[in-house]
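Hi,

Here is the structure I said I would pass on. Have a look at it first, and then read on for what turned up when I went through it.

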Amino acid sequence: MKINDEYKIVIDNEDYIGNGVTRINNFVTFILNGLKGEIVRVKIIYIHKRFAIAEIIEQITSSKYRIEPICNNYNKCGGCNFLHTTLENEINIKKEYLERLFNRKIDYYQSKNEYNYRNKVVLHVLEGKLGYFNDKTHDICEFDSCKLLNPKINSKISDLKKYNLNGINEILIRCINNEIMINISGNIKDNKLKDIDCDSLYINNNYTKGKEYLIDEINNLKFSIYPNSFYQVNREVMSKIYDKAKEYAGRGNNLLDLYCGTGTIGIWMSDNYKNITGVEINKDSIKNANINKKLNNLKNINFICGDAKIAKGNYDTIIVDPPRNGLSNNVIDFLNKSNSDKIIYISCNPKTLQRDIELLNKYELKNISAYSMFPRTKHIECVTLLERR
Ligand SMILES: C[S@@+](CC[C@H](N)C(=O)[O-])C[C@H]1O[C@@H](n2cnc3c(N)ncnc32)[C@H](O)[C@@H]1O
């Protein structure tokens with residue numbers, strides 16, 4: 001097999017990130033945006049020691065699940081991986097992948113919103129052009145409207161494009177409770193940009209005008225958010241995940257919320273536990289967590305700013321919600337040595353989740369549910385319950 005070789009093939013299977021999979025001359029080959037059962041002519045575009053990648057150059061037959069992508073930048077910005085197929089098929093592909101990975105049946109909760117669910121975006125600016133980075137390069141992929149974003153964010157992006165953005169590196173926009181927060185990073189040359197209409201403006205992470213933080217209200221709780229604090233991007237699915245974690249956690253005395261962000265999960269469970277401790281490395285998130293404690297009149301929750309590896313003490317239940325790279329060895333060690341009855345592991349990366357569950361050998365996986373937190377992209381969110389063996 002060589003680059004640019006062409007083959008007529010039948011696609012045998014699908015991976016979980018939007019590609020078809022087949023064997024060509026007994027060599028595993030991923031077919032970009034291919035679907036199971038399709039007969040296609042492909043061209044090899046990349047060869048690795050253990051696999052090749054091919055693109056479709058002629059669609060001879062099409063899967064009944066194939067649809068026309070609704071975005072002109074599909075396969076350019078790298079944000080969406082499943083626009084070539086129906087949402088129903090995307091969910092089935094992801095569900096089958098998870099069921100193989102964890103060797104059990106898994107419930108999959110679908111977001112009510114297929115599009116427009118994201119409440120946050122970080123855009124890049126290069127030579128005055130605003131957009132996403134093109135997949136695998138630092139060229140700018142400009143767009144008028146991104147299907148994943150809240151419409152108010154799209155409209156703010158159109159406003160921003162009217163300014164001279166030379167000198168700017170990055171712009172973060174959040175839309176919380178219908179209010180817009182913007183953080184502009186770089187060297188502002190167009191002073192009019194400082195007057196842009198928004199509810200909260202930061203320049204180079206410094207508070208500039210409007211509200212210092214935005215507040216979301218959900219489930220009778222209030223959550224404040226600074227520009228660089230963590231807040232789940234799909235609030236509808238966020239509340240489903242927190243409800244599931246609360247159901248798994250039940251009631252008890254002491255709860256540890258590791259990687260707690262702005263303290264949302266611990267606060268969600270504050271009526272079911274006597275004492276809650278949250279640990280989080282990001283200082284802004286911890287500032288929000290302490291504001292959130294006051295906003296919700298809570299006395300039974302405390303937050304510590306630090307690395308999760310500093311965690312110590314005994315808890316009935318420990319919740320972990322780490323970033324994509326999963327748990328560090330120190331945290332795995334702490335959890336295995338803990339005498340907690342339950343660990344609730346929330347994860348946005350099934351591969352590191354599966355790795356960590358194997359390493360948590362003092363605990364047994366009891367339950368796992370998947371959530372479509374990021375429809376149309378390759379990402380999957382899972383909530384798992386582990387109990388001490
Ligand atoms: C997936 S978010 C979860 C936040 C929160 N549980 C929520 O639902 O909003 C992961 C959080 O872990 C924090 N984090 C990353 N590395 C960390 C570490 N080594 N120790 C503690 N927190 C960390 C991040 O700042 C982020 O807030």
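Let me start with the interface between domain 1 and domain 3: about 1500 Å² is buried between the two, and carbon and sulfur atoms give 63% of that area. Do keep in mind that this is a predicted model.

For orientation, the chain splits into domain 1 (6-105), domain 2 (120-212) and domain 3 (233-388). Domains 1 and 3 have their C-alpha centres 33 Å apart, and each side brings 19 residues to the contact. How many salt bridges are there between domain 1 and domain 3? The count is one. If you want to find a salt bridge on screen, go to glutamate 90 and arginine 376, which form one with their closest N and O atoms 2.7 Å apart.

Next, the empty space inside. Searching the whole structure for cavities of 30 Å³ or more gives one. The largest cavity holds about 40 Å³ of space, and its lining consists of Asn13, Glu14, Lys36, Ile93, Glu96, Tyr97 and Arg100. Two elements, β2 and α1, give two or more residues each to that lining. Which of them has the largest share? That is α1, with four residues. By character, the lining of the largest cavity breaks down into four charged residues, two nonpolar and one polar.

Then there are the pockets, and I'd like you to look at the second largest one. The space in it comes to about 1100 Å³. It is lined by 33 residues, and those closest to its centre are Asp15, Ile17, Asn19, Phe30 and Leu32. Quite a few elements take part: β2 (13-14), β3 (19-24), β4 (27-32), β5 (39-47), β6 (52-59) and α1 (87-102) each give two or more residues to the lining. The make-up of this pocket's lining is 16 nonpolar residues, 10 charged and seven polar.

One thing to look at while you have it open: β2 and α1 turn up in both places, as they give two or more residues to the lining of the largest cavity and also to that of the second largest pocket. The range of α1, 87-102, also takes in Glu90, the partner of Arg376 in the salt bridge. Starting from α1 would therefore be my way into this model, with four residues on the largest cavity.

Cheers

How values were computed:
Residues are numbered from 1 along each chain as its sequence is written. This is a predicted model: local features need pLDDT of at least 70, side-chain atom pairs count only at pLDDT 80 or more; totals for chains, interfaces and linings use all residues. Side-chain values use heavy atoms; hydrogens and water are left out. On a 1 Å grid over the protein atoms alone, a cavity is a set of points where a 1.4 Å probe fits but cannot get out, and a pocket is an open set with protein on both sides within 12 Å along at least five of seven lines; lining residues have an atom within 4 Å of a point. Grid points are joined across faces, edges and corners, and a volume is the space filled by probe spheres set on the points. Ala, Val, Leu, Ile, Met, Phe, Trp, Tyr, Cys and Pro count as nonpolar, Asp, Glu, Lys and Arg as charged, and the others, Gly among them, as polar. Domain bounds come from an automatic or database domain assignment. Contact means heavy atoms within 4.5 Å. Buried area is the accessible area (1.4 Å probe) that two parts lose on being put together, summed over both. A salt bridge is a side-chain nitrogen of Lys or Arg within 4 Å of a carboxyl oxygen of Asp or Glu.
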